[in-house]
Amino acid sequence: MITRTRLAAGACALLAALTAGIAFPAGAAAGEPTGEDAPKVNLVLDVSGSMRTRDIDGGTRMAAAKQAFNEVLDATPEEVRLGIRTLGADYPGDDRKTGCKDTAQLYPVGPLDRTEAKTAVATLAPTGWTPIGPALLEAADDLDGGDGSKRIVLISDGEDTCAPLDPCEVAREIAAKGIGLTIDTLGLVPNAKMRQQLSCIAEATGGTYTSVEHTDELTDKVNQLVDRAADPVVTPVATEGADACAKAPTLKSGLYTDREEFGRQRWYRVDVESGQELRASVSVGADRAVNPSYGVLLRAVTVHGREIVRGEAAGNGRTDVLSTGLRYPKAESDEEDAPAETVCLQVTNSFSVAAGVKTTPGLPLELTVDVVDGPSDAGDVASFGLGRGWWLLGALILAGFLAGLLWGWLSRWRFAVWRTN
């Protein structure tokens, strides 16, 4: 993709779109919406035996899911290509090997025939196992092809029952393919273990996890995710950072992807005119098993090596995306033709892996660069990269100085009193 933090919130859905190459696409502009292909959504519904449980608004979980699906099908935008896949719907037996293959495409991804889709949903009955991992792999294949947005919405009421195929690892594998697919998960009346698993699946592809306990909540959330798929797709532009600022590519405002090897650094250059402000954020994703305790550092440095400002974030091994960012305003110059300043952006990570885990290709990285007009109010300008922190530092120094004077005066007064007595 640590916690998803600060200035990189907009990059939380990033890893599903990460790079498969390093050359700039012909005619592509950084962060340009494409929208050439219709958006695709695959609704993946858990139809395992536990969906018979009656704990959602007085009815069964299956009844709540059917009602939500019918309302969602009525509200689906015309441009969205929608499909429905089930898991655990057909095999009622006890054979684990067979049960873990029980996933099927109930309605194919394509132009929506609402009547036909509703009829298919009406036939569903809670039946068997919960093969989340196999269902996600098949659902990703259902959406393969095209450049439009691709989204899986997984709705489940329990954790996967088909280990050792870990659904979280499956999600990481899907993200690593760089096919631009996001997985959102919804947990029906969740427990802690299920919440942890569904959250991990969502985070691996930059998706979202939501806990649902009422039918209207389920309907609203699925509608929101289907509508989101219809938003224009922003295509990140692949670039290749260098191992030194002098060799680095010069980037304009936009969204860029790259790959960074473990424990290495990448350099990029950005030109900042007088009176402009550079805003940059970076997200590095753990698309494979990594060791705990790691970090990401983003530095803005002059071409002579002086650090201007930095942003950093640390993780503990429980998250999949680590993000940080920075701001650098360049003061307005008195010279009319003042040259632009070249700012070097350095991205460094401290991820590591256990023996046997592949280290190539490098970790997926997404960099957002935005050069805008600087703030007109001097109070909003980050002074030397520290912002209003200079005021706090000055206040602390003054307070310490006054406290020292007061303590010294009191000490001398007490000593004088002691000598007098």
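The following questions and answers introduce a predicted model of a protein chain.

Me: How many helices and strands does the chain have?
Reply: The chain in this predicted model has 421 residues, and 48% of them count as buried. Its secondary structure consists of 8 helices and 19 strands.

Me: What share of the exposed area of the chain do carbon and sulfur atoms supply?
Reply: The chain exposes about 20,300 Å². Of this area, the part supplied by carbon and sulfur atoms is 53%.

Me: How many disulfides does the chain count?
Reply: A disulfide is a covalent bond between the sulfur atoms of two cysteines. In this model, a pair of cysteine sulfur atoms is counted when the two lie within 2.5 Å. With bonded cysteines counted along the chain, the pattern is 1-2, 3-4, 5-6. By this rule the count comes to 3 disulfides.

Me: Which cysteine is joined to Cys100 by a disulfide, and where does that partner lie?
Reply: The S to S distance of this disulfide is 2.0 Å, and with -100 degrees about the S-S bond the link is left-handed. The pair connects distant parts of the chain, 62 residues apart, with Cys100 in the loop between α2 (96–99) and β6 (103–110). Both Cys100 and its partner are buried. The partner, in the loop between β7 (150–156) and α5 (167–176), is Cys162.

Me: Why is the disulfide of Cys168 and Cys200 left-handed, and what is its torsion about the S-S bond?
Reply: The sulfur atoms of Cys168 and Cys200 are 1.7 Å apart. Because Cys168 lies in helix α5 and Cys200 in helix α6 (residues 192–204), the disulfide ties together parts that are 32 residues apart in sequence. Cys168 and Cys200 are both buried. The bond is left-handed because its torsion is about -50 degrees.

Me: How many residues apart in sequence are the parts that Cys245 and Cys344 tie together?
Reply: Cys245 and Cys344 form a disulfide with sulfur atoms 1.8 Å apart, and at -55 degrees about the S-S bond this link is left-handed. Cys245 lies in the loop between β11 (237–238) and β12 (254–260), whereas Cys344 lies in strand β18 (residues 341–349). The parts tied together are therefore separated in sequence by 99 residues.

Me: Is Cys344 buried or exposed?
Reply: A residue counts as buried when its relative accessible area is under 20%. Its disulfide partner Cys245 has a value of 14% and is therefore buried. For Cys344 the value is 1%, so Cys344 is buried.

Me: Is Trp409 buried or exposed?
Reply: Trp409 is found in helix α8 (residues 389–420). Together with Leu406, Trp407, Leu410 and Trp413, Trp409 forms a nonpolar patch on the surface, with about 630 Å² of accessible area together. Because its relative accessibility is 56%, Trp409 counts as exposed.

Me: Which helix gives the largest share of the negative patch?
Reply: The negative surface patch is formed by Asp57, Glu71, Glu213, Asp216, Glu217 and Asp220. One of these residues, Glu71, is found in helix α1 (residues 61–75). The largest share, 3 residues, comes from residues 215–229, that is, helix α7.

Me: What relative accessibility does Glu71 have?
Reply: Values between the cut-offs of 20% and 50% count as partly exposed. Glu71 counts as partly exposed because its relative accessibility is 36%.

Definitions and conventions. Residues are numbered from 1 along each chain as its sequence is written. This is a predicted model: local features need pLDDT of at least 70, side-chain atom pairs count only at pLDDT 80 or more; totals for chains, interfaces and linings use all residues. Side-chain values use heavy atoms; hydrogens and water are left out. Patches are made of residues with over 30% relative accessible area and no salt bridge: like charges are joined within 9 Å, nonpolar side chains (Val, Leu, Ile, Met, Phe, Trp, Tyr) within 5 Å. Accessible areas come from the Shrake-Rupley method with a 1.4 Å probe; for residues, only the protein chains shown count as cover. A salt bridge is a side-chain nitrogen of Lys or Arg within 4 Å of a carboxyl oxygen of Asp or Glu. Helices (H or I, at least four residues) and strands (E, at least two) are DSSP runs, numbered from the N terminus. Buried means under 20% relative accessible area, exposed over 50%, partly exposed in between (1.4 Å probe, protein chains only). Lys and Arg count as positive and Asp and Glu as negative; His and the chain ends are not counted. The place of a charge is taken as NZ of Lys, CZ of Arg, CG of Asp or CD of Glu.
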